[in-house]
Amino acid sequence: ERAWSDFRALDAGAKLHGSRRTGLAHDNSDVDVLSSVPLESLVQRVRHPQEGEPSCFQVLEHVRWSKVPRLLLRHHATGTEVDIINGQVDCQALERDEVVRNLLSGSAEGRSLALLIGEWVRAHASEMPPRLGFPNAYTFRLIGFHYLMTRPSGSLLPPLAPTGSSLLTATPSQQPTRPAGDAQVLFTEWLRHLAAVAPPDCACCNSHWRN
C-alpha cells in the first residue's frame, strides 16, 4: 500500500490499525494509523516539508477538540485518506483489532456478515454520517457480532471471555447451531433485528427492511 509506505517516511514508528489490520478493508478504505509522534508535528511535516523531501500528503482535517484528537490526510498519488490518532492517546486500539480478528475467526459466517454490514454502511454513508453522531462501520459490525452470539434461532458465535481478547471455548452441548441459509440471510436477519430496536424515524434501517 503506497499511502502507508509514504506515511512511514513521516513516522517510522507508526502502526496500522482498523480494517486494514483486521482484514475487513475494501479497495477504497481509509488507512487507519496509530502515530508514534504528536499529531501537531505531523501537520508541520506535511505542510512544511524539509528540503528535498517530497510532498506526499495534504491535510484535510485536524480535529483537536475531540476526546481522541485525530488528523486526516489525503495521499496525493492515490487519493487514499489516512486517518491518524496518536498511539499514546488510544492505548487499546490494537487490542480492539485483536478482538475483531478473534471474532472473525470464531465463525465462518462472521466475516461474510461483517463485509455485508460494511457495504451497507458505505451505501448509507450520506444518511448516517458519524460526524453527526451515527455509529460507524466498526460499531455496526460489533452489533452484528453480538447478534451472532444471541441469535434467537441459534447462536453462531461463542461469547467473548470476561477479560482479554479471546472467545470462550464452547462445550459440546453449547456448540453453535448452524443456520439454514447464507450470509445474505443472516444480514437480513440482522437488519430486521436492527430495525426492531431502532427509533421509528430511522429511515436507513426501516426503509431497507421494507424493501
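**Stop 1: Arg-45 and Glu-53**

Select Arg-45, which is partly exposed, with a relative accessible area of 23%. Keep in mind that this is a predicted model. Now add Glu-53, also partly exposed, with a relative accessible area of 23%. The side chains of Glu-53 and Arg-45 form a salt bridge, 2.4 Å from N to O. The structure has 6 salt bridges in total. Two others come next.

**Stop 2: Asp-90 and Arg-96**

Select Asp-90 and Arg-96. Their side chains meet in a salt bridge at 2.6 Å, N to O. Is Asp-90 buried or exposed? Asp-90 is buried, at 13% relative accessible area. Buried means under 20%, so Asp-90 falls in that class. Arg-96, at 30% relative accessibility, counts as partly exposed.

**Stop 3: Asp-97 and Arg-21**

Move to Asp-97 and Arg-21. Here the salt bridge spans 3.9 Å, N to O. Asp-97 belongs to helix 4 and Arg-21 to helix 2 (residues 19-22), so the pair ties together parts that are 76 residues apart in sequence. Asp-97 is buried, with a relative accessible area of 6%. Arg-21 is partly exposed, at 34% relative accessibility.

**Stop 4: strand 2**

Select residues 31-35. This is strand 2, and 5 of its 5 residues are buried, so the strand is largely enclosed by the rest of the structure. Which way do the residues point? Val-31, Val-33 and Ser-35 point one way, while Asp-32 and Leu-34 point the other way.

Next, show the neighbours of strand 2. Strand 1 (residues 15-17) pairs with strand 2 in the antiparallel sense, over 3 bridges. Find Lys-15: it stands opposite Leu-34 in strand 2. Then select strand 5 (residues 81-86). Strand 5 pairs with strand 2 in the parallel sense, over 5 bridges. To see one bridge, pick Ser-35 and its partner in strand 5, Asn-86.

**Stop 5: the largest nonpolar core**

In soluble globular proteins, nonpolar side chains tend to be buried together. Look at that here. The largest nonpolar core has 25 residues. Select Ile-117, Trp-120, Phe-140, Phe-145, Phe-187 and Trp-190, which have the most contacts inside this core. Which elements give two or more residues to the core? They are helix 4 (93-105), helix 5 (108-123), helix 6 (137-150) and helix 7 (183-197).

Zoom in on Ile-117. Leaving aside residues up to four places away in sequence, Ile-117 touches Phe-140, Arg-141, Gly-144, Phe-187 and Trp-190. Another core lies apart from the largest one. This other core has 17 residues, among them Phe-7, Val-33, Phe-57 and Leu-73. You have met Val-33 already, as a buried residue of strand 2.

**Stop 6: the largest pocket**

Finish at the largest pocket, which holds about 1,700 Å³ of space. How many residues line the largest pocket? There are 43. Select the closest to its centre: Asp-32, Arg-70, Asp-83, Pro-130 and Asn-136. Asp-32 is another residue from strand 2.

Now colour the elements that each supply at least two residues of the lining: helix 2, strand 3 (57-63), strand 4 (70-75), strand 5, helix 4, helix 5 and helix 6. Which element gives the most to the lining? Helix 6 does, with 6 residues. Helix 6 also contributes two or more residues to the largest nonpolar core.

Methods: Residues are numbered from 1 along each chain as its sequence is written. This is a predicted model: local features need pLDDT of at least 70, side-chain atom pairs count only at pLDDT 80 or more; totals for chains, interfaces and linings use all residues. Side-chain values use heavy atoms; hydrogens and water are left out. A nonpolar core is a set of buried Ala, Val, Leu, Ile, Met, Phe, Trp, Tyr and Cys residues joined through side-chain atoms within 4.5 Å. Buried means under 20% relative accessible area, exposed over 50%, partly exposed in between (1.4 Å probe, protein chains only). Helices (H or I, at least four residues) and strands (E, at least two) are DSSP runs, numbered from the N terminus. Contact means heavy atoms within 4.5 Å. Two strands pair if DSSP finds at least two bridges between them. A salt bridge is a side-chain nitrogen of Lys or Arg within 4 Å of a carboxyl oxygen of Asp or Glu. On a 1 Å grid over the protein atoms alone, a cavity is a set of points where a 1.4 Å probe fits but cannot get out, and a pocket is an open set with protein on both sides within 12 Å along at least five of seven lines; lining residues have an atom within 4 Å of a point. Grid points are joined across faces, edges and corners, and a volume is the space filled by probe spheres set on the points.
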